[in-house]
Amino acid sequence: MSKINKVLAVCCIVPYIPLVVAGIPSARAIQCCTEIAAKTHVTIQSWPISQYSAEYSNAKSHYWSNANADGTPACVVFPTNAQDVSTTIQVLLRYPGVGFATKSGGHNPNAGFASTDGGVLISMSQLSSTMLSTDRKQAHLGPGATWQDAVSALEPYNLTVVGGRLGDVGVGGLLVGCGLSFLSAQYGLPCDNINNYEIVLSNSTIVNANAFENPDLFWAMKGGGNQFGIVTKFTVNTIPIGLVWGGVRTYTRAVAPQILAATQNFTECFPDPRAAIITTFQTLVNNLDQFFAIFFFYNGPTLPPGVFDAFNAIPSSSDSVKTQWYSSLLIANAKFGSIFGLRYVLRGATIPNLPAPKGTDLVVANFNNFVSYASSRGLAGLLQPGFIFIFIYQPVPIAIPAASARVNPLGNLLGLSPDNGDHMWMAVTVSWLTTLGDTDAYRIATEIMDNVVKYTKQTCPGVQGSNFKAGLPDDGYKPPIFMNDAMADQKVLQGYGNETYAKLKNIQKAYDPTGFFPSRTNGFKLT
Ligand SMILES: Cc1cc2nc3c(=O)[nH]c(=O)nc-3n(C[C@H](O)[C@H](O)[C@H](O)COP(=O)(O)OP(=O)(O)OC[C@H]3O[C@@H](n4cnc5c(N)ncnc54)[C@H](O)[C@@H]3O)c2cc1C
Ligand SMILES: *[C@@H]1O[C@H](CO)[C@@H](O)[C@H](O)[C@H]1NC(C)=O
Ligand SMILES: *[C@@H]1O[C@H](CO)[C@@H](O)[C@H](O)[C@H]1NC(C)=O
Ligand SMILES: *[C@@H]1O[C@H](CO)[C@@H](O)[C@H](O)[C@H]1NC(C)=O
Ligand SMILES: *[C@@H]1O[C@H](CO)[C@@H](O)[C@H](O)[C@H]1NC(C)=O
């Protein structure tokens with residue numbers, strides 16, 4: 001989530017100097033592509049003939065983080081159904097040295113997760129339809145759709161699905177990471193609402209995973225990532241929707257104490273399951289430009305009193321909040337917060353939202369630590385032009401796990417429980433312009449989030465979040481890191497707890513005995 005600063009855009013853009021020369025695809029990879037082309041009827045765009053074609057270059061280059069565009073895929077495959085994906089895997093199985101990547105919306109910043117240098121890129125862009133079931137209780141979502149596509153398609157029926165908060169994020173990647181939605185306190189996490197995965201396994205078999213067929217795989221997919229199979233269709237619950245209230249307000253740094261206190265209080269005294277916020281603070285190196293941007297949401301045409309009173313009392317610098325279609329809100333959020341053309345990393349950390357007043361002190365201290373850390377990058381920042389840091393507070397009040405439990409009694413991998421109190425899913429994005437900043441950006445994002453966790457543990461050892469169930473022993477519950485905000489080196493699956501992790505490893509082995517996905521495609525690993 002970022003907004004390019006005008007000053008920065010004018011003064012500091014330097015010509016792109018590629019330090020890392022992308023590899024030339026191997027003859028073997030090109031041969032694999034030729035065989036895929038011969039055995040399927042799908043469009044294949046192979047390097048080098050296709051490298052200037054719009055389809056190939058769009059698939060290769062259109063990523064939220066430009067770092068993913070560094071690689072040169074041997075070819076891009078555009079399947080139109082599950083059978084095409086199955087055939088592609090059959091061919092890949094005959095070329096053990098050739099890597100591949102599955103791409104849906106291209107929003108995941110981790111380089112190489114949905115992009116490949118020298119391998120086969122499987123783009124889901126042709127698998128992007130949204131269809132209602134005949135009883136209208138479910139929707140079938142193609143992974144290549146964006147949330148604004150899916151939501152716009154369902155709106156004429158006064159229905160929607162539990163999905164992303166910025167409209168241009170992809171359905172596929174968000175759902176395999178479980179997801180967080182504006183609608184989650186009412187209806188649970190996006191993955192809680194999935195009733196069936198049509199999925200292509202490592203041996204190229206197409207199966208359904210649901211509560212009755214392949215139920216172990218069904219459970220593993222609820223936050224398990226891309227190491228179990230390639231999903232070609234998600235069947236999800238539909239829910240009613242009408243006009244919604246929301247948008248983005250920006251604020252100066254001067255009102256930080258009020259905003260941070262209101263964010264803590266919103267999480268602890270969560271006023272209404274129809275309400276949601278994302279609080280973000282953006283700063284450039286040397287404090288050149290700093291502002292808060294808060295994404296507001298209320299699932300209803302008008303905002304009832306008592307929901308955002310504390311926020312409404314804070315003077316804003318800009319305000320796009322209004323009553324609108326849900327799809328319009330998601331599109332506007334994407335325009336504001338999803339800026340292309342930069343390199344990004346995103347790193348997450350889950351901390352308890354402590355009860356006030358200690359909780360307010362914690363939220364403020366983490367903010368101050370972040371700002372002083374970001375400002376102290378001055379000289380280094382100027383040498384690597386263009387660093388923008390965004391610090392993100394995502395409230396996860398106990399209303400969310402309570403809704404998950406109602407919607408999805410079988411559970412998801414995150415194992416959140418309302419008994420364990422309120423949490424804050426924190427994240428930082430660092431964005432920059434050229435490969436010159438790569439090493440520093442990874443280190444800086446890591447240090448910022450490590451500081452959050454370290455400070456929280458040191459200052460409030462053993463303290464539980466607000467609304468933690470009284471009398472419950474501290475049972476070693478470890479809050480998971482949210483996969484969709486995690487950086488490549490973060491141990492997301494391990495963070496789901498030892499028991500879940502051990503079960504997941506067995507399921508992965510059962511469905512992929514030869515280790516096809518672990519050895520051939522990047523993602524969060526079970527090792
Ligand atoms: C601006 C912005 C806003 C965001 N907002 C939200 C939000 O509101 N809620 C939220 O939960 N997350 C959010 N995210 C995080 C986002 O969900 C993740 O980055 C997600 O991975 C993106 O999905 P994608 O399809 O766009 O990504 P891609 O980069 O195409 O894919 C991401 C990962 O999923 C895998 N994958 C993709 N499709 C499939 C498939 N069909 N089968 C198996 N594996 C697959 C890829 O291999 C890759 O590892 C946001 C991210 C950004 C940058
Ligand atoms: C959707 O809701 C509007 C407003 O309540 C109503 O006029 C319209 O008929 C509804 N559409 C459908 C398909 O139910
Ligand atoms: C916290 O939120 C609750 C519920 O919205 C509200 O009643 C209360 O006044 C708030 N407290 C502060 C200090 O803002
Ligand atoms: C989980 O496993 C790790 C690594 O094997 C071990 O260090 C840790 O103590 C285990 N945690 C629990 C709660 O059993
Ligand atoms: C592929 O793997 C699945 C799951 O392990 C198995 O049920 C199926 O029989 C396998 N198909 C073939 C053709 O081996």
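These are my notebook entries on one ligand site, some helix packing and a few backbone features in a predicted model.

Before starting I noted that residues are numbered from 1 along each chain as its sequence is written, and that chains are lettered from A and ligands numbered from 1 in the order in which they are written. I also kept in mind that local features need pLDDT of at least 70 and side-chain atom pairs count only at pLDDT 80 or more, while totals for chains, interfaces and linings use all residues, and that side-chain values use heavy atoms, with hydrogens and water left out.

Entry 1, ligand 5. I looked up the residues around ligand 5 and found Leu201, Asn203, Thr205 and Ala510, taking a residue as near if one of its heavy atoms lies within 4 Å of the molecule. By class this shell has 2 nonpolar, 2 polar and no charged residues, where Leu and Ala count as nonpolar, Asp, Glu, Lys and Arg as charged, and Asn and Thr fall among the others, as polar. For polar contacts I used pairs of N or O atoms within 3.5 Å; a polar side-chain atom of Asn203 lies 2.4 Å from an oxygen atom of ligand 5, and an N or O atom in the side chain of Thr205 is 3.1 Å from a nitrogen atom of ligand 5. Taken alone, ligand 5 exposes 360 Å², and the protein buries 38% of that (Shrake-Rupley method, 1.4 Å probe).

Entry 2, helix packing. I took helices as DSSP runs of H or I with at least four residues and strands as runs of E with at least two, numbered from the N terminus, with axes fitted to C-alpha atoms over the stretch in contact and angles running from 0 to 180 degrees between N-to-C directions. The axes of helix 9 (residues 256–268) and helix 12 (residues 358–375) come within 9 Å and cross at roughly 130°, which means that helix 9 is oblique to helix 12. Helix 12 and helix 15 (residues 438–459) pack with their axes 10 Å apart at about 150°, so helix 12 is roughly antiparallel to helix 15 (over 145 degrees; under 35 is roughly parallel, 65 to 115 roughly perpendicular, the rest oblique).

Entry 3, backbone. I checked for exceptions, since most residues other than glycine have a negative phi, and most peptide bonds are trans. A cis peptide bond joins Trp47 and Pro48, with omega about 0°, and Pro48 sits in the loop between strand 1 (43–46) and helix 3 (54–61). The bond from Ala356 to Pro357 is also cis, with omega near 5°.

Definitions and conventions. Polar contact = N/O pair within 3.5 Å; in protein donor to acceptor, adjacent residues only side chain to side chain.
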